[in-house]
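Me: Please take a close look at the paired strands of this model. Once that picture is in place, carry on to the metal sites and the loops around them.

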Amino acid sequence: MAAQREWFEKDYYQVLGVAADASQKDITKAYRKLARELHPDKNPGNAAAEERFKDISAAYDVLGDEAKRTEYDEVRRLGPMGGGMPGGGPGGFSFNVGDMQGGDFGDLLGQMFNRRRGGFGGRAGAGVGPQRGADVTAQLTLDFEDAVRGLTTTLHLTSDAQCSTCHGSGAKPGTHPERCPVCGGRGVVDDNQGMFSFSTPCRNCQGRGSIIREPCPTCHGAGIERRPREVRARIPAGVADGQTIRLKGRGAPGRNGGPAGDLLVEIHVKPDARFGRSGNNLTVTLPVTFAEAALGGDIEVPTIDGSTVMLRIRPGTQSGSRHRVKGKGISVSSKRDGETSGDLIVTVEVDVPANLTDEQRAAVEQLAAATTVNPRAGR
Ligand SMILES: [Zn+2]
Ligand SMILES: [Zn+2]
């Protein structure tokens with residue numbers, strides 16, 4: 001990865017609560033402590049903790065790696081208006097960080113810092129400058145209950161990934177990509193015309209800033225290989241069949257220091273024998289006896305979490321009528337609405353016995369004799 005725009009915006013030392021001159025050991029210690037406290041498994045449904053967890057992970061990703069940390073410190077020291085930008089002479093133009101695409105900015109920084117790491121494109125990455133990695137699609141089939149509750153799972157997929165032989169450098173193990181002698185690693189060359197200076201991509205290195213003398217035998221210099229890999233994914237509670245979950249930056253790696261693509265997880269939910277779903281409401285159909293429907297009573301209703309709740313039905317409850325059990329549907333949390341819960345919709349069906357004992361038959365015949373209303377009258 002080349003330097004990111006985020007490096008200017010975030011003080012990673014502050015994020016981890018350590019001093020700027022903290023030792024690597026202290027940084028690791030601080031990170032581990034925070035990671036334990038903020039881990040999503042420990043804070044289910046806590047969006048703020050999740051956000052913090054992501055922040056400290058991003059911070060540690062940089063500060064935990066001594067080389068990256070040095071680069072980060074350097075970037076922070078120079079600031080967005082610092083010197084050394086391609087095409088910018090002494091006291092040259094300034095630009096607005098907010099106006100720039102992350103990728104473009106990464107490119108500038110990558111050129112500034114001679115692309116010390118990241119995908120050095122070889123044959124396969126013939127384009128100039130950083131390229132975002134491809135989005136990768138994966139399928140995930142979930143049990144109904146897992147979809148309702150959400151879960152953390154491991155996806156097994158085969159896709160483009162950082163080459164495991166060269167760790168993405170594209171260079172044969174034991175060798176390193178060399179700084180391009182023509183552009184000095186900047187990937188661009190300046191063409192001075194009077195008082196202006198124009199930058200054009202360096203032809204010698206195709207704008208990469210580096211040259212691979214001995215390509216990695218596995219990826220032939222691309223830094224990327226197709227291989228099976230595992231991705232841990234957190235699937236939020238309440239995902240629906242047919243929904244796609246986007247996992248940022250978990251797709252194919254970028255080339256020439258470009259950002260990784262996203263992983264798109266297509267969700268398939270297996271139907272459940274008892275429960276159905278309508279939005280965030282769960283549905284269930286429950287048989288009741290004629291006596292329960294006619295006389296009313298409390299009936300036990302199963303819920304998705306395995307417990308039961310009592311539902312009171314009134315005397316004269318009709319077959320096919322629907323009854324609402326508040327808050328026993330699907331709990332979802334969103335940034336906008338916080339934690340919200342659907343309901344459980346119970347459809348009552350009067351169960352007609354297929355066989356009657358003599359005693360039951362006598363009772364029903366008595367009921368028939370006492371019945372004065374013809375339900376088909378007027379039809
Ligand atoms: Zn390789
Ligand atoms: Zn060059």
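Reply: Two strands pair if DSSP finds at least two bridges between them; strands (E, at least two residues) and helices (H or I, at least four) are themselves DSSP runs, numbered from the N terminus. The model is a predicted one, in which local features need pLDDT of at least 70, side-chain atom pairs count only at pLDDT 80 or more, and totals for chains, interfaces and linings use all residues. Residues are numbered from 1 along each chain as its sequence is written, chains are lettered from A and ligands numbered from 1 in the order in which they are written, and side-chain values use heavy atoms, leaving out hydrogens and water.

Let's start with strand E14 (residues 322-325). E14 pairs with strand E17 (residues 344-350) in the antiparallel sense, over four bridges. One of the residues to pick out is His323, whose bridge partner in E17 is Val346. The side chains of E14 alternate: His323 and Val325 point to one face and are buried, whereas Arg322 and Arg324 point to the other face and are not. Buried here means under 20% relative accessible area, exposed means over 50%, and partly exposed lies in between (1.4 Å probe, protein chains only). As a general rule, side chains in a regular strand alternate between the two faces of the sheet.

Strand E13 (residues 308-313) has an alternating pattern too. Val309, Leu311 and Ile313 point to one face and are buried, while Thr308, Met310 and Arg312 point to the other and are not. The partner of E13 is strand E12 (residues 297-302), which runs antiparallel to E13 and is joined to it by six bridges. Across that pairing, Glu300 stands opposite Met310, and Met310 is on the E13 face whose side chains are not buried. E12 and E13 form a hairpin with five residues between the strands, and there Gly306 takes a positive phi near 95°.

Another hairpin is made by strand E15 (residues 331-334) and strand E16 (residues 338-341), which pair in the antiparallel sense over four bridges. Three residues sit between E15 and E16, and Ser334 stands opposite Gly338 of E16.

Now for the metal sites, starting with the zinc ion (ligand 1). Its protein donors are the SG atoms of Cys163, Cys166, Cys216 and Cys219, lying 2.3 Å from it. Donors are N, O and S atoms within 2.8 Å of the metal (3.2 Å for Na, K and Ca), and since water is not among the atoms, sites may look incomplete. Angles of 104 to 115° among the four donor atoms make the site of ligand 1 tetrahedral, a label given to four donors if all angles lie between 85 and 135 degrees. Along the chain, the donors of ligand 1 follow the spacing C-x2-C-x49-C-x2-C. Distant parts of the chain are linked here: Cys166 is in the loop between strand E2 (151-162) and E3, and Cys219, 53 residues away, is in the loop between E6 and strand E7 (224-235). Cys166 and Cys219 are both buried.

Those two loops also hold a pair of histidines worth a look. His167 is in the loop between E2 and E3, and has a positive phi of about 55° although it is not a glycine. His220, in the loop between E6 and E7, likewise has a positive phi of about 55° without being a glycine. For context, most residues other than glycine have a negative phi. His167 is classed as exposed because its relative accessible area is 59%, whereas His220 counts as partly exposed because its relative accessibility is 44%.

The zinc ion (ligand 2) has as protein donors the SG atoms of Cys180, Cys183, Cys202 and Cys205, at 2.2 to 2.3 Å. The site of ligand 2 is tetrahedral, with angles of 103 to 116° among its four donor atoms. In sequence, the donor residues of ligand 2 are spaced C-x2-C-x18-C-x2-C. Cys183 and Cys205 link distant parts of the chain, 22 residues apart: Cys183 is in the loop between strand E3 (178-179) and strand E4 (188-193), and Cys205 is in the loop between strand E5 (196-201) and strand E6 (210-211). Cys183 and Cys205 are buried.

How values were computed: Four donors count as tetrahedral if all angles lie between 85 and 135 degrees; four count as square planar and six as octahedral if opposite donors are over 155 degrees apart and all others between 65 and 115; anything else is irregular.
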